Amino acid sequence: MMWLRTLLLLGLVGRLLDECSGHSSEDEDYYMQELLSREHYQRVLEDRATDGRQTPTRAKPRSSASKPAGGSDTASDCPPLGLETLKIDDFQLHASSMRHYGLGPHRGRLNIQGGLYEDDLYDGGWCAGRNDPLQWFEVDARRLMKFTGVVTQGRSSLWSSDWVSSYKVLLSNDSHSWVTLKNGSRDLIFSANREKEIPVLNLFPKPVVARYIRINPRSWYSSGSICMRVEIMGCPMPDPNNYYRRRNEVTTTDNLDFRHHSYKEMRQLMKVVNEMCPNITRIYNIGKSYNGQKLYAIEISDNPGEHELGEPEFRYTAGSHGNEVLGRELLLLLMQFMCQEYLSGNTRIRRLVHETRIHLLPSINPDGYEKASEAGSELSGWSLGRWSQDGLDIHHNFPDLNSVLWEAEAQKWVPRKFHNHHVPIPDWYRSTNATVAVETRALVSWMEKIPFVLGGNLQGGELVVTFPFDRTRSVTALREATPTADDHVFRWLAFSYASTHRLMTHASRRVCHTDDFAKEDGTINGASWHTAAGSMNDFSYLHTNCFELSMYVGCDKFPHETELPEEWENNRESLLVFMEQVHRGIKGVVRDVQGKGIANAIIAVDGINHDIRTASDGDYWRLLNPGEYRVTVRAEGFSVSSKVCAVGYDIGASSCDFVLGRSNLSRIREIMQKFNKQPISMRQRLRQRRLLDT
């Protein structure tokens, strides 16, 4: 057993802790509160940096040009095995014991989230059945790996405080004979967590080759239990038979820039795409972040920079939560892909570009992204960088128009006194003293300026597509189905993305955290998942014509960049199919008898209590499922017009134009205005009297 001798002879250099068993007494529980706040998270890091206690090893995103602090080049180049991304299956995870099934080894994945209730099937980590130094957590890589390090967290729980403060590492090739990593002649003990949320990385002094790896806890929080969430860092050894790659790896043939991009690199990449495809792209910014970074968007269209009559506007946004970076990179990949495919003559992409005005905004919250990227893909945790610089959740920072509409409905003001659409923003929200992020204000202005028809905001941490409403009608309900008047359309739009994703609707896939969305075809009404007031989706639907959905594109919010090619393959077809749905339903132009477009005409569909309005040129787009619909158009000063419009099953909106004549009332008003608002007969009498007087 040559490899065993090698392990025994390794000159391991590292700090040997005095505590080899029992409990750590000096740990403090910093997380008794329900939620981990951004300020508290940062304060913990700063306190430990100043008082000389252990701090989490911090690493920048792993790439050829960026390596984690304190590790060798070889160690830093190795990616995670994939416990967090679910590449490691449940049957590859084992443990000495478990408290109950919901705290079994299959739950010991980095950043896995527990539910609101304890002791169910989906708790937040692996917890040993007993608290003693004989417990272990094991990963079977199913092939020889060059292991380089371990990342650990405590248990995710709102009610309990459990974490491991030190551990040993053991390795094996057959799962029977185990060798402990040594520091000279003594077992090497790694210092682990001091609370439950912030990940801690320990890189091995030298890489070690084996198939199995075990984490053996040696000490734990004095008031808690042995509980862990884990990720393993390692590089696969050569596989002569290519067996593992054939069975488990997804490759891509697209020649794209698969890496994490800083703000400067993102801007440079967008510039490169613009230079490659100058005739179909335009870069612009919609505003600035709290720290003054411009919020760049790229437009892809055959006539960039202008709205074309009859051409729908589509948008993808990403990064409202700065630590959910997969969506950011997917949009950067998408713009590269569309440029390349357009130049190569791809018929599908050319049709999409010629018939749609597409806007991609990859980073709504660049300030938050910088915080998360500074820590790195394995060490940013679940919350760091989520909020804007001033501590606001941008995605839920929009005005709560749901309450405004529902109150008007309760007062029976709809539709005579209050419209069922284009709900106005309350005055207080627009005031300078309102608690509104500058990024949110920029988004609102952008959404009001461009007549978007369909949009998707890419988020992370789950595999599901959510659709409005995101807030429950019942104030006390945490979860309650709250459909819009267009629920059937939203369900189709959500399914169009989920069903073409490689994993979302896969019946055998493992749940990311606590909800099995695959049973619901990978989609869910937002309020059925968890209620949230002031969401971007609800605001978009109630204040503009745009139907907005949220795509949660991966279990891992911040995947290692080696995972990006596979994530691109998972989402590429979905990204394209969803864009194509902007051409489903009816479209048309509302004109007067002289052929001039009528702006702000109301388009109402019988049986659907949600109207839309025409754009400034009189054109409109109404997303509808296949069928026949009676459509009625109203505009101030014009007569009402109705007709039946049919929607087919093929992609391509049906044309349904309207010509409106001036109403009798508007004609009377014009004449009265001409004669100083006096009746004609009275005007004539006055003239007759003047003639008689003379």
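**Sheet, helix contacts and cavities in a predicted model**

Phenylalanine 469 sits in the loop that runs between strand E16 (462-467) and H12. In this predicted model, the peptide bond leading into that residue from proline 468 is cis, with omega near 0°. A second cis peptide bond links valine 414 to proline 415, here with omega of about 10°. Proline 415 belongs to the loop between helix H9 (401-410) and helix H10 (427-430). For orientation, most peptide bonds are trans, and most residues other than glycine have a negative phi.

With that background, two further loop residues deserve a look. Leucine 86, a residue other than glycine, has a positive phi near 75°; leucine 86 is placed in the loop between helix H3 (73-76) and strand E1 (93-95). Asparagine 111 likewise takes a positive phi, near 70°, and is found in the loop between E1 and strand E2 (126-127). Both residues turn up again below, in the lining of a cavity.

Strand E16, which precedes the loop of phenylalanine 469, is part of an open sheet. Eight strands make up this sheet in the order E11-E12-E14-E13-E15-E18-E16-E17, and their pairing is mixed. Strand E11 (281-288) and strand E17 (523-525) are the edge strands; each has a single partner, so one side of each is left without a neighbour in the sheet. From one strand to the next, the twist averages 20°. Helix H11 (residues 438-449) packs on this sheet, where H11 touches E11, strand E12 (294-300), E13, strand E14 (357-361) and E15. The direction of H11 makes about 130° with that of E11. Within the sheet, strand E13 (residues 313-318) and strand E15 (residues 452-459) are paired in the parallel sense over six bridges. Tyrosine 316 has glycine 456 of E15 opposite.

Helix H12, on the other side of the loop that holds phenylalanine 469, leads to the first of two helix pairs. Helix H12 (residues 487-498) packs with helix H15 (residues 564-580) at an angle of about 150°, and the two axes are 7 Å apart. Because the angle is over 145 degrees, H12 is roughly antiparallel to H15. On the H12 side the contact is made by Leu493, Ser496 and Tyr497, and on the H15 side by Asn571, Ser574, Leu575, Val577 and Phe578. Sorted by class, this contact of H12 with H15 comprises five nonpolar and three polar residues, with no charged residues.

The other pair has a different arrangement. Helix H6 (residues 326-343) and helix H7 (residues 347-355) have axes that come within 8 Å and cross at roughly 110°. That angle makes H6 roughly perpendicular to H7. H6 contributes Phe337, Met338, Glu341 and Tyr342 to the contact, while H7 contributes Ile349, Arg350, Leu352, Val353 and His354. The contact of H6 with H7 divides into six nonpolar, one polar and two charged residues.

Further along the chain, strands E20, E23 and E24 are linked by antiparallel pairing. Strand E20 (residues 602-605) pairs with strand E23 (residues 627-634) in the antiparallel sense over four bridges, and isoleucine 602 has arginine 634 of E23 as its bridge partner. E23 also pairs with strand E24 (residues 641-647), again in the antiparallel sense, over seven bridges; here valine 633 is bridged to serine 641 in E24. E23 and E24 form a hairpin with six residues between them, and glycine 637 in the turn has a positive phi of about 90°.

Turning to internal space, the structure holds six cavities of 30 Å³ or more. The largest cavity has a volume of about 90 Å³. Its lining consists of His395, His396, Thr466, Asp470, Gly526, Trp529, His530, Ala532, Asn537, Ser550 and Tyr552. Helix H13 (526-529) and strand E18 (547-554) each supply at least two residues of this lining. By class, the lining of the largest cavity has three nonpolar, seven polar and one charged residue.

The second largest cavity has a volume of about 60 Å³. Among the residues that line this cavity are Leu86 and Asn111, together with Leu83, Glu84, Arg109, Trp382 and Cys512. The lining of the second largest cavity divides into seven nonpolar, two polar and two charged residues.

Technical notes:
Residues are numbered from 1 along each chain as its sequence is written. This is a predicted model: local features need pLDDT of at least 70, side-chain atom pairs count only at pLDDT 80 or more; totals for chains, interfaces and linings use all residues. Side-chain values use heavy atoms; hydrogens and water are left out. Axes are lines fitted to C-alpha atoms, for helices over the stretch in contact, and angles run from 0 to 180 degrees between N-to-C directions. Angles under 35 degrees count as roughly parallel, over 145 as roughly antiparallel, 65 to 115 as roughly perpendicular and the rest as oblique. Contact means heavy atoms within 4.5 Å. Ala, Val, Leu, Ile, Met, Phe, Trp, Tyr, Cys and Pro count as nonpolar, Asp, Glu, Lys and Arg as charged, and the others, Gly among them, as polar. On a 1 Å grid over the protein atoms alone, a cavity is a set of points where a 1.4 Å probe fits but cannot get out, and a pocket is an open set with protein on both sides within 12 Å along at least five of seven lines; lining residues have an atom within 4 Å of a point. Grid points are joined across faces, edges and corners, and a volume is the space filled by probe spheres set on the points. Two strands pair if DSSP finds at least two bridges between them.
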